[in-house]
Amino acid sequence: MSTLETDIGASEIKEDIYYVGLTHDHLSVNDVMDRVRSPQAGAIVVFAGTTRDNFAGKPVKELQYSAYNPLALRTMLSICKEIHSKYGLTAIAMIHRLGIVPIGEESILIAVSAPHRQAAWRAGEQALEDCKERVEVWKREEFEGEGGIWRANRDGAAGQKLNS
C-alpha cells in the first residue's frame, strides 16, 4: 500500500516497510527510529546529518535546501527498495528537511533496521551515499558576509556563487 500525503510544508510516501519524507519542520530522531522499530530487528542504525559552522575554512551562516518534491520522493523510495533488497533490512526510513536549516540542526535523518548490526551499518552508509548522489535536493550555503552558493547536495561538489 502506497500513500502520498501533502500539506503545507510536508510530503511523504509510506509503503510497507519503507518511509520517505520531505519537510520544513524540525527532524526527530525518535520519530524516525520508531518508523523502523521491529521485533525482528536486532539493530537500528540512525544517521543524522547536521549543518556545520564552516565549509572549506569559510564561516557558514546557514544552509537552505530545496527539492523537486514528487521526483525526490520517488527517488528516495527507489533507493530504500534497493538498499532493502541488497542488505535484507527489516525497515528503512529517510527524511530530508527543506528550507532554512540553522547551524547545529539536522538536515537529514536515515534509519535502518536489520536482524544483525553489520547489515544495518552498511545499509545506513549506502543509503546516505545514494541519497546524496541521486536525490533531487539542492542546497544553498549562506556564508557570513559573502552571500551564498548553490550546490548539488553532495560532499564538496562545485557550486556557483550568487550575488545576494
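The legends below describe close-up views of a predicted model.

**View 1. A nonpolar patch on the surface, made by Y68, L71, W138 and W150.** In this predicted model, the side chains of Y68, L71, W138 and W150 together make a nonpolar surface patch of about 380 Å². Y68, one of these residues, is placed in the loop between β6 (58–67) and α2 (69–87). Because its relative accessibility is 47%, Y68 counts as partly exposed, and since patch members must have over 30% relative accessible area, the value of 47% for Y68 lies within what that cut-off requires.

**View 2. The salt bridge between K58 and E146, which links distant parts of the chain.** K58 and E146 form a salt bridge in which the closest N and O atoms are 3.6 Å apart. K58 belongs to strand β6, whereas E146 lies in the loop between β10 (137–143) and β11, so that the two partners, 88 residues apart, join distant parts of the chain. K58 counts as partly exposed because its relative accessibility is 28%, and E146, at 35% relative accessibility, therefore also counts as partly exposed. A search of the whole structure finds 8 salt bridges, and the pair of K58 and E146 is one of the contacts of this kind.

**View 3. The salt bridge between E105 and R97, with a partly exposed and a buried partner.** The side chains of E105 and R97 meet in a salt bridge, with a distance of 2.7 Å from N to O. E105 counts as partly exposed because its relative accessibility is 22%, a value that is not under the 20% cut-off for a buried residue. R97, by contrast, has a relative accessible area of 5% and is therefore buried.

**View 4. The salt bridge between E142 and R140, both of them buried.** E142 forms a salt bridge with R140, and the closest N and O atoms of this pair are 2.3 Å apart. Both E142 and R140 are buried, which is to say that each has under 20% relative accessible area.

**View 5. R151 in strand β11 and its polar contact with E141.** R151 is found in strand β11, which comprises residues 147–152. With a relative accessibility of 9%, R151 counts as buried, because this value falls under the 20% cut-off. The side chain of R151 is joined to the side chain of E141 by a polar contact of 2.5 Å.

Terms used
Residues are numbered from 1 along each chain as its sequence is written. This is a predicted model: local features need pLDDT of at least 70, side-chain atom pairs count only at pLDDT 80 or more; totals for chains, interfaces and linings use all residues. Side-chain values use heavy atoms; hydrogens and water are left out. Patches are made of residues with over 30% relative accessible area and no salt bridge: like charges are joined within 9 Å, nonpolar side chains (Val, Leu, Ile, Met, Phe, Trp, Tyr) within 5 Å. Accessible areas come from the Shrake-Rupley method with a 1.4 Å probe; for residues, only the protein chains shown count as cover. A salt bridge is a side-chain nitrogen of Lys or Arg within 4 Å of a carboxyl oxygen of Asp or Glu. Helices (H or I, at least four residues) and strands (E, at least two) are DSSP runs, numbered from the N terminus. Buried means under 20% relative accessible area, exposed over 50%, partly exposed in between (1.4 Å probe, protein chains only). A polar contact is a pair of N or O atoms within 3.5 Å; within protein, one must be able to donate a hydrogen and the other to accept it, and residues adjacent in sequence count only if both atoms are side-chain atoms.
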